[in-house]
Amino acid sequence: RGGRPEKEIPFTQPDSLTRVYAVASGKGGVGKSSITANLAAAMAADGVTVGLIDADIYGHSAPRMLGAEGARPTVVDNMIMPIPAHQVKLISTEMFKPDRDTPVAWRGPMLHRALQQFLTDVYWGDLDVLLLDLPPGTGDVAISLAQLMPNAEIVVVTTPQLAAAEVAERAGSIALQTHQQVNGVIENMSYLPCPHCGPEHRLELFGSGGGQQVADGLSRRLGANVPLLGEVPIDMGLRESGDVGQPFVLKEPDAPASVALREIARRL
Ligand code: ADP
């Protein structure tokens, strides 16, 4: 059957060697997609073979952030080929919309099928790591994911704000029901390095302590050690690079936010 790719071990099987991380948040706008895209790019730059499933159906931004907006995957012998973007193998719900202006009204079963298809009908090849960008909150996707990939570990993104931390903790504690592991918590937008006095002076625009609070809360609820994996500062460049499809970790590798993201990528 000339050229047909061999089907790999599905990620749903617990003996798969691929580490699967599902990145979750309590609410939108905390930077979950930015963090996920940059972690993927940082890992790929480190020589790790990475796949990224953008399952954030309402705010699918991974293609734009990785410079693959508008890309349409090809199908070879019934297998969907992921889009290579900064050495990350990318699949997004955005790629299957008829056109970019059509709003998506996905219902639970459709989402489940889409996720299932991304796991079984996409030709991923051997992956070291598979990252999933989940929709915010504790929705259908988290439950579907747990059924399809019980070995997926959850990574929770929050801002330092205590109100955000509360919803993030709730999102993470879905792991209690689904019997999944929470690998750790990432605090984003932790502080703005003062543009006048220098980076030692941290302007805590969104307060402080949210990430640690979520880590402590989840450790207590799950009866396991859930660490704070790192704190990513606010950087205007991070937002700008996401808008033009160049991951910040590659564009400005020495910026404090990039250093923090690379350290988190290595801890995972
Ligand atoms: P979510 O996926 O949680 O909805 P996004 O990743 O889309 O969040 O981020 C929301 C907005 O905040 C985007 O415009 C993004 O560029 C910006 N952003 C995220 N993290 C940072 C950061 N550390 N510094 C500056 N801007 C950020």
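Biologist: Hello! Which residue of β7 stands opposite V50?
Modeller: V50 stands opposite V129 in β7. Please keep in mind that this is a predicted model.

Biologist: What makes β2 and β7 a pair of strands?
Modeller: Pairing requires at least two bridges between the strands. Strand β2 (residues 50-54) is joined to strand β7 (residues 129-133) by five bridges, so β2 and β7 count as paired. These two strands run parallel.

Biologist: Which sheet do they belong to, and in what order do its strands come?
Modeller: The sheet is open and has eight strands, in the order β5-β6-β2-β7-β1-β8-β9-β12, with mixed pairing. From one strand to the next, the twist averages 25 degrees.

Biologist: Why are β5 and β12 said to stand at the edges?
Modeller: Each of them, β5 (83-85) and β12 (228-232), has a single partner strand, so one side of each is left without a neighbour in the sheet.

Biologist: Which strands does helix α7 touch?
Modeller: Helix α7 (residues 210-222) packs on the sheet and touches β8 (153-158), β9 (182-188) and β12. The direction of α7 makes about 160 degrees with that of β9. Angles over 145 degrees count as roughly antiparallel, so α7 and β9 fall in that class.

Biologist: And why are α5 and α7 called roughly parallel?
Modeller: The axes of helix α5 (residues 162-172) and α7 cross at roughly 30 degrees, coming within 9 Å. The cut-off for roughly parallel is under 35 degrees, so the name fits α5 and α7. Their crossing is right-handed. On the α5 side, the contact uses L162, A164, A165, A168, E169 and G172, which meet G210, Q213, V214, G217 and L218 in α7. By class, these residues are six nonpolar, four polar and one charged.

Biologist: What makes α3 and α4 oblique to each other?
Modeller: Helix α3 (residues 108-120) and helix α4 (residues 140-148) pack at about 40 degrees, with axes 9 Å apart. Roughly parallel needs an angle under 35 degrees, and roughly perpendicular starts at 65. The angle of α3 and α4 lies between these limits, and therefore the pair is oblique. Here α3 passes α4 in a right-handed crossing. In this contact, G108, L111, H112, L115, Q116 and L119 of α3 meet D140, V141, S144, L145 and L148 of α4. The residues comprise six nonpolar, four polar and one charged.

Biologist: How do you know that α1 and α10 are roughly perpendicular?
Modeller: The axes of α1 and helix α10 (residues 256-267) cross at roughly 70 degrees and come within 9 Å. Since 65 to 115 degrees counts as roughly perpendicular, α1 and α10 belong in that class. The contact is made by N38, L39, A42 and M43 of α1 together with L261, R262, I264 and A265 of α10. Six of these residues are nonpolar, one is polar and one is charged.

Biologist: Which residues are closest to the ligand, and what makes a residue part of its shell?
Modeller: A residue counts when its C-beta atom, placed from the backbone, lies within 6 Å of the ligand. There are 19 residues around the ligand, the closest being G31, K32, S33, S34 and R239. Two elements, α1 (32-45) and α8 (236-243), give two or more residues to the shell. The shell divides into six nonpolar, 10 polar and three charged residues.

Key: Residues are numbered from 1 along each chain as its sequence is written. This is a predicted model: local features need pLDDT of at least 70, side-chain atom pairs count only at pLDDT 80 or more; totals for chains, interfaces and linings use all residues. Helices (H or I, at least four residues) and strands (E, at least two) are DSSP runs, numbered from the N terminus. Ala, Val, Leu, Ile, Met, Phe, Trp, Tyr, Cys and Pro count as nonpolar, Asp, Glu, Lys and Arg as charged, and the others, Gly among them, as polar. Axes are lines fitted to C-alpha atoms, for helices over the stretch in contact, and angles run from 0 to 180 degrees between N-to-C directions. A crossing is left-handed if the near helix is turned anticlockwise from the far one by less than a right angle, and right-handed if clockwise. Two residues are in contact if their C-beta atoms, placed from the backbone, lie within 7 Å.
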